[in-house]
Each structure stands twice: as structure tokens, then as C-alpha cells.
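Hi,

Here is the structure I promised to pass on. Have a look at it first, then read my notes underneath.

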Amino acid sequence: MTAVVHSALPRRPLPAVAAAVVVVGMALSAWGARERGTWFLETVWVLVGLPLVVLAWRRFPLTNLLCCLLAAHALVLAVGGHYTYAQVPLGDWVRDTFGLARNPYDRFGHLMQGFVPAVLVRELLCRTSPLRGSRWLAPLTVCACLAFSAVFEMLEWLAAVVGGHSADAFLATQGDVWDTQWDMFCALIGATVSVLVLSRLHDRQLDALALTSSYDGAGSTSGPRTSTGRTTRPLR
């Protein structure tokens, strides 16, 4: 798998390194995972997402920022899948150190569930729609992330209905009756912070990618838009 990743991502070293780190992290996560079923449910997004990114790379390469964020999110999922979110040792340490009522790793995971997809959604919208430079870009990005979080909570509900008590490790509610609302709120905060903090850096990387990559077929026949709203043609 690592060899395939390197051969599919030849032009920039950072995406290939990030993908290789994810492959290694997933392998370590799977080895000795506490509950195999929970590991699969928590990491299925990585198992599906990484091959899709690799297969689509030549036609639709991603910015370095997005590659790094996706890799970081994959590692967060891998750790949660290995230990189960309620039993991650780092979360236990934070709980004991600050006198919290529960292991907070699940909350951190849902912050990431908003923070990272916000850049993914923003990149897709900027490159495949006329929203680049629009005042609607930021709110629609946050709304998309909140919608994804709601869908994920429905999947957790389905797992609870189908699996009963066997799905407790996947749900990681830790006895909190407001866990679903907290999860979606954390995703909302993560997405909002991501848009506010990373948008300018993301725009610069999108502009650089427009000048060095050929992705006319990725959804826009007029070429990608720069942060000023003008269209550019990739260098041949």
C-alpha cells in the first residue's frame, strides 16, 4: 500500500509522507485493538478515504494543508479505534489531571470532525463551484460540517439500535445523556474555528496549486479561481 501511495503522489513529497504515516498508523492501530468491531467502525472513514484520495490524485491533487489535516484526523481516528474513545490513555491523563468527569478524547475527536472537514469542504467548493470569494462560502462550509456531524450521530443511533449494549464502546457516551448534542456542538466549534483561522492560508495554497497542477477536469472548465476571484490557467 505504501508503494502505491508513493507512486501515485510523485510530484510533492509532503502528501506522500502524510499518506505513508497514515498507513503505518493504521497498521499499528489495528494491531492489538481492544475491540475489532469498534476499530472498524471508527476507522472505516480512513479505510475508504485514503484509497479514494490516491486514486483521484492525478486528476484532483489536494493542497498540502488539507493533506496534513486529513493525516492528523486519520491518526486521531486510529488512536480512538485502537483503545476505544472512552479509554484512550491520554484522555484518562487529562481527566485525572484537571478533575474532569469523563475522558475528553471523544470531545476532541468531534472537534476534529468539524475542524478538518471544514477545509475539505472549503477546498471542494472553491475548486468545483463559483463560491470562491463569495460571502456564502464560510457559512455553507460550516453548515456542511454540521450536517455531516448530524449524519454521524444518526449512524451512532443506528449502531445503538442494531448492536444494543455491544455498541457502547463505539458510542462512547460515558453516561452523558447530552452526548449527541455535545458532539454536534464540538463539531460546530471546530468547523467555525477552522474557517476563521485557516482560510487565508488555505487560499494561498489553493492559488499555488492552481499554478502548478493541472485539474481543469475537476469540475471547472474555466480554471480555478484565485483568492481575488479571478480565474487562472494552470501552467503546462
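Below are my notes on a few helices and one residue.

Keep in mind that this is a predicted model: local features need pLDDT of at least 70, side-chain atom pairs count only at pLDDT 80 or more, and totals for chains, interfaces and linings use all residues. Residues are numbered from 1 along each chain as its sequence is written, and side-chain values use heavy atoms, with hydrogens and water left out.

Let's start with helix α6, residues 105-128 (helices are DSSP runs of H or I, at least four residues, numbered from the N terminus). Its end C-alpha atoms are 34 Å apart, which agrees with the 34 Å that its 24 residues should span at 1.5 Å a residue (that is, 1.5 Å times one less than the number of residues). There is a bend of about 25° at P117, taken as the angle between axes fitted to the seven residues ending there and the seven starting there. Since 17 of its 24 residues are buried, α6 is largely enclosed by the rest of the structure (buried means under 20% relative accessible area, with a 1.4 Å probe and protein chains only).

Next, α3 (residues 36-56) and α4 (residues 64-83) pack at about 170°, their axes 8 Å apart (axes are lines fitted to C-alpha atoms over the stretch in contact, and angles run from 0 to 180 degrees between N-to-C directions). That makes the two roughly antiparallel, the word for angles over 145 degrees. In α3, W39, E42, T43, W45 and V46 meet A74, L77, A78, G81 and H82 of α4.

Finally, where is H202 found? It sits in helix α9, residues 179-212, and is buried at 1% relative accessibility. Leaving aside neighbours within four places in sequence, H202 is in contact (heavy atoms within 4.5 Å) with T63, L65, V119, R122 and E123.

Cheers

How values were computed: Buried < 20%, exposed > 50% of the residue type's maximum accessible area, 1.4 Å probe, protein only. Parallel < 35°, antiparallel > 145°, perpendicular 65-115°, else oblique.
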